[in-house]
Amino acid sequence: MEAGHVVGYGVATWASLEEEAFTVGELRALAAEAAGGQHHLAAVQLPASLVMMTPIVQALDGRGPLPAAAGAGLRVMASAPLHGGELPGMVDQELADLIRPGLTPAQACILAVASCPGVTDVLVAASGAPHWSQAADAVAQPSLTAATLREITGVLASP
């Protein structure tokens, strides 16, 4: 806060951006209208994971809310990268090694989301210090290439 004023805020949604109930441009226009001109919209938050892959697939094609928000200078916070804790039990070591050899399934899932074009932050919940350390180690890894992300989403989308 600067002199008692809000200097930035964000909008979090589970599905509205993905389902195009509104666009990033419309959010910015509404924020400017509500502020009477200069707005302080600084971030958007939406889920992205190897279960909720649509934002990732769209971003790889340069479309969708993630690149739109990044292009507008907004921080993009990806939430639920482990899909409520379910993904590590669904991802086997073979898939984790496809993502990045040597990572645990949870780390591989987090790295995939962190590597998505446009994502600036990954929001994770950790049940203890070891889980937090593993998540931090995952996001410290070099990002996956777009080709690797395409391969992963292709494998997961296959029947």
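Modeller: Helices and strands are runs assigned by DSSP and numbered from the N terminus, with at least two residues for a strand. By that rule, A42 has its place in strand 2, residues 41-47. The model is predicted.

Biologist: How many helices and strands does the chain have?

Modeller: The chain contains eight helices and four strands. Read from the N terminus on, the elements follow the pattern β-α-β-α-α-β-α-α-α-β-α-α.

Biologist: In which order do the four strands lie in the sheet?

Modeller: The sheet is open, its order is 1-2-3-4, and the pairing is parallel. Strand 1 (9-12) and strand 4 (121-122) are at the edges with a single partner strand each, so one side of each has no neighbour in the sheet.

Biologist: How many bridges join strand 1 and strand 2?

Modeller: Strands count as paired if DSSP finds at least two bridges between them. Four bridges join strand 1 and strand 2, in the parallel sense. One position to look at is A12, whose bridge partner in strand 2 is Q45. Strand 2 and strand 3 are joined in the parallel sense by five bridges; here V44 has V76 of strand 3 as its bridge partner. Strand 3 (residues 75-79) also pairs with strand 4, again in the parallel sense, over two bridges. At that junction A78 is opposite V122 of strand 4.

Biologist: Which residues does A42 touch?

Modeller: Leaving out residues up to four places away in sequence, A42 touches G8, Y9, L74 and R75. By contrast, take A80, which is 38 residues from A42 along the chain: the two C-alpha atoms are 20 Å apart.

Biologist: Is A42 buried, partly exposed or exposed?

Modeller: Buried means under 20% relative accessible area, and exposed means over 50%. A42 has 31%, so A42 is partly exposed. Strand 2 is nevertheless mostly covered, with five of its seven residues buried. In strand 3, four of the five residues are buried, so the rest of the structure largely encloses that strand.

Biologist: How many residues of helix 6 are buried?

Modeller: Helix 6 spans residues 105-114, and nine of its ten residues are buried. The buried residues are P105, A106, Q107, A108, C109, I110, L111, A112 and V113.

Biologist: Which residues does L149 touch?

Modeller: L149 is in helix 8, residues 146-157. Beyond the residues up to four places away in sequence, L149 touches L60, A112, S115, C116, P117 and L144. A112 is one of the buried residues of helix 6. The relative accessible area of L149 is 2%, which means that L149 is buried. For a distance on the scale of the whole chain, compare L30: it is 119 residues from L149 along the chain, and the C-alpha atoms are separated by 33 Å.

Biologist: Does a polar residue such as Q58 count as buried or exposed?

Modeller: Q58 belongs to helix 2, residues 54-60. With a relative accessibility of 10%, Q58 counts as buried. Leaving out residues up to four places away in sequence, Q58 touches R63, G64 and P65.

Biologist: What radius of gyration does the chain have?

Modeller: The chain has 17 Å; a compact globule of 159 residues would have a radius of gyration near 15 Å, and the two values agree. Along the principal axes, the C-alpha trace spans about 55 × 35 × 25 Å. Of the 159 residues, 37% count as buried.

Biologist: What share of the contacts joins residues at least 24 apart?

Modeller: Consider the contacts between residues at least 6 apart in sequence: 73% of them join residues at least 24 apart.

Biologist: What does the accessible surface come to, and which part belongs to carbon and sulfur atoms?

Modeller: The accessible surface is about 8,300 Å², and carbon and sulfur atoms hold 56% of it.

Biologist: How many positive and negative charges are there?

Modeller: Here Lys and Arg count as positive, Asp and Glu as negative. The chain has 5 positive and 14 negative charges, and the mean positions of the two sets are 8 Å apart.

How values were computed
Residues are numbered from 1 along each chain as its sequence is written. This is a predicted model: local features need pLDDT of at least 70, side-chain atom pairs count only at pLDDT 80 or more; totals for chains, interfaces and linings use all residues. Side-chain values use heavy atoms; hydrogens and water are left out. The radius of gyration is taken over C-alpha atoms; the globule rule is 2.2 Å times the number of residues to the power 0.38. Buried means under 20% relative accessible area, exposed over 50%, partly exposed in between (1.4 Å probe, protein chains only). Contact means heavy atoms within 4.5 Å. Accessible areas come from the Shrake-Rupley method with a 1.4 Å probe; for residues, only the protein chains shown count as cover. The place of a charge is taken as NZ of Lys, CZ of Arg, CG of Asp or CD of Glu.
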